[in-house]
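Here's a quick briefing to read with the fold open in your viewer. Have a look at the structure, then work through the points by topic.

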Amino acid sequence: MDNLLIIQARIGSSRLPKKVLMKLCEKPMLQHIIERTLWSKRVDHVMVATTIKNEDDLIANLCQKLGVDCYRGSENDVLDRFYQAAKQFDAENIIRVTADCPFIDPEIIDKIINIHMKGNFDYTSNILVETYPDGLDVEVFKFSALKEAWEKACLVSEREHVTPYIKFKGNFTRFSVELETSLADKRWTVDTPRDFEAIEKIYCALYSGDKIFLMNDILAYLEKNPWIEEINADIKRNEGYMKSIENDYTLRKN
């Protein structure tokens, strides 16, 4: 297996609990994300990584219903959860997607995988320099880089957010995938009720069960309906990660 995609998901969001199972066009948001990643031509296998908490039985049950592998691990040490999930498969590259991104675009996934493999990079993403809309985030990294991060990352933020060690530490080769014209001011992720309100309006307009809508379809719709973007325009990007850094500390090792 070359490319294993892991979707990071849990019920216990502090800002919008159970958001991953909120319904968009009669389907849980997580189901949409799974189905959209399955449109990728370069991903060999899709799985979900959730926690061992009882409340996340709901996620495991949905995965079972959809026939998708689900690994259950640590709630807070998400880096360990990813590593243990990835270890189950002999994959050279890991693709990280989070379950608050219901517009995740399989063509962008494939583009980043292609660049990553052609350049033989350790880490490739469209978030090193933010030019894509918030909510189309894709990270691709070698399993060997994940293993080194799992062994060496000590900061709580590095364990909770999976890739900071790979992005900013270690002797890794990295590549940033960027748009010529930045769309970083667009917010297409779900962290708050207002985010969901905006996303729901777009889904109701564009979703069809027999085909998939992509980034350019969303942009075209928003060009005709710019008022939708005003619903959540004032919410800051990466707010959770910023708070994590503010409260950072080094884990003690025995």
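What follows covers the sheet, the cores, the aromatic pairs and a few single residues. Keep in mind that this is a predicted model. In brief, there's an open, mixed sheet of seven strands, a largest nonpolar core of 46 residues and nine aromatic pairs across the whole structure.

**The sheet**

- Going across the open sheet, the strand order is S5-S4-S1-S6-S8-S7-S9, with mixed pairing.
- The edges are strand S5 (69–73) and strand S9 (174–176), each of which pairs on one side only.
- On average, neighbouring strands of this sheet are turned by 20 degrees against each other, ignoring direction.
- Helix H2 (residues 57–66) packs on the sheet and touches S4 and S5. The direction of H2 makes about 160 degrees with that of S5.

**Strand S1 and its partners**

- S1 (residues 3–8) pairs with S4 (residues 45–51) in the parallel sense, over five bridges.
- Two residue pairs to look for here are leucine 5, whose bridge partner in S4 is valine 46, and isoleucine 6, which stands opposite methionine 47 in S4.
- S1 and S6 also run parallel, joined by six bridges. Leucine 4 has isoleucine 94 as its bridge partner in S6.
- How many of the residues of S1 are buried? Six of its six are, so to speak, under cover.
- Asn3, Leu5 and Ile7 point one way from S1, while Leu4, Ile6 and Gln8 point the other way, and all are buried.

**Nonpolar cores**

- Which residues touch the most other members of the largest core? Those are Ile7, Leu30, Ile95 and Phe103, out of 46 residues.
- At least two core residues each come from S1, helix H1 (29–37), S4, H2, S6, helix H4 (106–119), helix H8 (193–206) and helix H9 (215–224). H8 gives the largest share, five residues.
- Leucine 30 is a handy place to zoom in: beyond residues up to four places away in sequence, leucine 30 touches Ile7, Ala9, Val20, Ile59, Leu62 and Ala99.
- Apart from the largest core lies another one, of 24 residues, among them Ala85, Ala91, Phe141 and Leu146.

**Aromatic pairs**

- A search of the whole structure turns up nine aromatic pairs.
- Tyrosine 83 and phenylalanine 143 are stacked, at 5.6 Å centre to centre with 15 degrees between the planes.
- That pair links distant parts of the chain, with tyrosine 83 in helix H3 and phenylalanine 143 in helix H5 (residues 143–152), 60 residues apart. Tyrosine 83 counts as buried, at 4% relative accessibility.
- Phenylalanine 103 and tryptophan 188 form an edge-to-face pair, because their planes stand at 85 degrees, with ring centres 5.8 Å apart.
- Phenylalanine 103 sits in the loop between S6 and H4 and tryptophan 188 in the loop between S9 and H8, so this pair ties together parts 85 residues apart in sequence.
- Both of these rings belong to buried residues: phenylalanine 103 has a relative accessible area of 1%, and tryptophan 188 has one of 2%.
- Ring pairs also join Phe103, Trp188, Tyr203, Tyr207 and Phe213 into a cluster.

**Positive phi**

- Most residues other than glycine have a negative phi.
- Lysine 18 has a positive phi, near 65 degrees. You'll find lysine 18 in the loop between S1 and strand S2 (23–24), partly exposed at 48% relative accessibility.
- Valine 162 also has a positive value, with phi near 70 degrees. Valine 162 is in the loop between helix H6 (156–160) and helix H7 (164–168).
- Is valine 162 buried or exposed? Valine 162 counts as buried, at 0% relative accessibility.

**Two charged residues**

- Arginine 159 is in helix H6 and is buried, with a relative accessible area of 8%. The side chain of arginine 159 makes a polar contact of 3.1 Å with that of aspartate 77.
- Glutamate 92 lies in the loop between helix H3 (78–87) and strand S6 (93–98), and is partly exposed at a relative accessible area of 40%.
- Leaving aside neighbours within four places in sequence, glutamate 92 is in contact with Met1, Asp2, Phe141, Lys142 and Phe143.
- Glutamate 92 and methionine 117 are 25 residues apart in sequence and 9.9 Å apart in space, C-alpha to C-alpha.

Technical notes: Residues numbered from 1 in each chain as written. Predicted model: local features only at pLDDT ≥ 70, side-chain atom pairs only at ≥ 80, totals over all residues. Heavy atoms only, no water. Helix = DSSP H or I, 4+ residues; strand = E, 2+ residues; numbered from the N terminus. Buried < 20%, exposed > 50% of the residue type's maximum accessible area, 1.4 Å probe, protein only. Contact = heavy atoms within 4.5 Å. Pairing = 2+ DSSP bridges. Axes fitted to C-alpha atoms, helices over the stretch in contact; angles between N-to-C directions. Core = buried A, V, L, I, M, F, W, Y, C linked by side-chain atoms within 4.5 Å. Polar contact = N/O pair within 3.5 Å; in protein donor to acceptor, adjacent residues only side chain to side chain. Phe/Tyr/Trp six-rings, centres within 6.5 Å; stacked < 30°, edge-to-face > 60°.
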